[in-house]
Amino acid sequence: MGADTAAAQLAALTADRVDHRFKGLPPDAEGLTVGELAAQRRNLFTDGFTTPVLALSSERLEHNLALMETYATRHGLVFAPHGKTSMAPQLFWKQIEHGAWGITLAVPHQVRVAREFGIDRIFLANELVDAPALRRIASDLAADPDFRFICYVDSVRGVELMDAALFGAPRPVDVVVELAAGEGARTGVRTEAECAAVADAVAGTATLRLVGVAGYEGEVPQADPERVHAWLRRLTSLAADFDKAGRFTGLDEIVVSAGGSAWFDAVADVFAELPELSLPVLKLLRSGAYVSHDDGHYRKLTPFTRVPEEGALHPAFRLWAQVVSRPSPDQAFVNAGKRDAAYDLDLPEAQVVRRDGTERPATGVTVSGLSDQHGWLRTAPEADVQVGDWLGMGLSHPCTSFDKWQLIPLVEADGTVVDYIRTFF
């Protein structure tokens, strides 16, 4: 598959017609192809876009892509960003063009989307025991010798189910044992002895091949630098112990993978300490939220706040809504709510107000709540907000921002829309 398939499928996206499926686009653009609309380079603020509309900054997106490419290269890490953040194949390929080894995903549907757009290297950060999905992946592996697929195993029972589903498959499915981040954490094997039992179960099959170890440090209970580093050292020690026991004989490389968006600096630290093993090590980082970053959760958690000399990510999303009611001096309402804005971690942040082509800070304006289709604003005495104004808001949590929009304008700093990003959730 690969680049040729991707080019054809990405080109097909531009041939899709603008219609009722896509929020925020100009009503007079209906019937145009997405490519034709992009070629018009309309302005988000003056050329007919309707509110609410989510905009992705082209400059900030490019900055974030380049920054993480540089970071991974500097620290000797291979990068497979988590695609569940955006589920946007156009962005998957931008990430690959910026040095990504492949794409991490979470569930079989996401794998199907990535394969449809030519992604040849997929890391599934989950144990996969769904028999029809496993048979589909086995079929893909058999048909495409360039397809590399790796997924978690975290139980002997899971290994048994996978083995039964894959019976007769011509290529084994590569797996990594997932080490849990601690008692009460999400998924994964709790102890090193249990990890060995799972690895023994894999070795007893002809359908699975053990290629490494992995986990997610973001689930470390009461996470702080000391606890996260300690767990990551457990992970690298597990890899070394498995290697010493001869569990990776016959491979070309050993996979050691971790890395969410909050602790990738710790991953870089500990993976740099990994002792020399019998084979080259694929040190695979999986952080995904960086692609758009945010104005809330990850702005507070990003490792770049701890290592400012490495650079800084820039929040690339802004949700534009219109003030539709100003019923009292201390209250106003905009026409964007839970259907449009991420709200699972933090409420949107009021940032700027636009009126008559002029933009100014949203002084004294706070988003106090969301209904399905309305944003509740608390307005202090100094707030200058009128019905008809556009309010630009920052969002928290990229993963639940992308999933509310099927087609997202990619916008330059002056408001020129240069492309449209399609999502598949």
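Which residues of helix 3 are buried? In this predicted model, the buried set is Ser-58, Leu-61, Asn-64, Leu-65, Leu-67, Met-68, Tyr-71 and Ala-72. If you're wondering about the spacing in that list, recall some helix geometry. An α-helix has 3.6 residues a turn, so residues three or four places apart point the same way. Helix 3 itself covers residues 58-74, which makes 17 residues. From its first C-alpha to its last it reaches 24 Å, close to the 24 Å expected at 1.5 Å a residue. Just after the helix, the backbone does something worth a look in your viewer: Gly-76 takes a positive phi of about 65°.

Stay with helix 3 a moment longer and pick out Arg-74. Its side chain forms a salt bridge with Glu-310, with the closest N and O atoms 2.3 Å apart. Arg-74 belongs to helix 3, while Glu-310 sits in the loop between helix 11 (297-301) and strand 10 (317-328), so the bridge ties together parts that are 236 residues apart in sequence. The two partners don't share a burial class. Arg-74 counts as partly exposed because its relative accessibility is 48%, whereas Glu-310, at 13%, counts as buried.

That bridge is one of 28 salt bridges in the structure. Another one joins Asp-200 and Arg-247, with 2.8 Å between the closest N and O atoms. Here too distant parts of the chain get linked: Asp-200 is in helix 8 (residues 192-203), and Arg-247 is in the loop between helix 9 (225-244) and strand 8 (254-258), 47 residues apart. Asp-200 is partly exposed, with a relative accessible area of 45%, and Arg-247 is also partly exposed, at 24%.

Next, try Arg-355 and Asp-389, whose side chains meet in a salt bridge of 2.8 Å, N to O. Arg-355 comes from strand 12 (residues 349-355) and Asp-389 from the loop between strand 15 (375-379) and strand 16 (390-394), so to speak two distant parts of the chain, 34 residues apart, that the pair links. Both Arg-355 and Asp-389 are buried. Charged side chains can also be joined in larger groups: Arg-115, Asp-120, Arg-136, Asp-140 and Asp-144 are linked in a network of salt bridges.

Now for the sheets. Strands of a sheet pair through backbone hydrogen bonds, either parallel or antiparallel. One open sheet here has eight strands in the order 2-9-8-7-6-5-4-3, with parallel pairing. Strand 2 (78-79) and strand 3 (103-105) stand at its edges with a single partner strand each, so one side of each is left without a neighbour in the sheet. Further in, strand 5 (residues 148-153) and strand 6 pair in the parallel sense over four bridges, and Tyr-152 stands opposite Val-176 in strand 6.

Strand 6 (residues 173-178) also holds Glu-178, and that residue deserves a question of its own. What does a buried Glu-178 have around it, given that it has no salt bridge? The nearest side chain of opposite charge is Arg-186, 6.1 Å away. That distance leaves the pair without a salt bridge, because a salt bridge needs the nitrogen and the carboxyl oxygen within 4 Å. Glu-178 does have a polar partner, though: a contact of 2.9 Å joins its side chain to that of Thr-187. Leaving aside residues up to four places away in sequence, Glu-178 touches Tyr-152, Val-153, Asp-154, Thr-187, Gly-188, Val-189, Ala-214 and Gly-215.

Antiparallel pairing turns up later in the chain. Strand 10 and strand 11 (residues 331-334) pair in the antiparallel sense over three bridges, and they form a hairpin with two residues between them. Within that pair, Ser-328 stands opposite Gln-331 in strand 11. Strand 11 is also joined to strand 15 by four bridges, and those two run antiparallel. There, Ala-332 stands opposite Leu-377 in strand 15.

To finish, go back towards the start of the chain. Ala-11 has its place in helix 1 (residues 3-14) and is partly exposed, with a relative accessible area of 43%. Ala-11 and Gly-35 are 24 residues apart in sequence, and their C-alpha atoms are 8.7 Å apart in space.

Methods. Residues numbered from 1 in each chain as written. Predicted model: local features only at pLDDT ≥ 70, side-chain atom pairs only at ≥ 80, totals over all residues. Heavy atoms only, no water. Buried < 20%, exposed > 50% of the residue type's maximum accessible area, 1.4 Å probe, protein only. Lys, Arg positive; Asp, Glu negative; His and termini not counted. Polar contact = N/O pair within 3.5 Å; in protein donor to acceptor, adjacent residues only side chain to side chain. Contact = heavy atoms within 4.5 Å. Expected span 1.5 Å × (residues − 1). Pairing = 2+ DSSP bridges.
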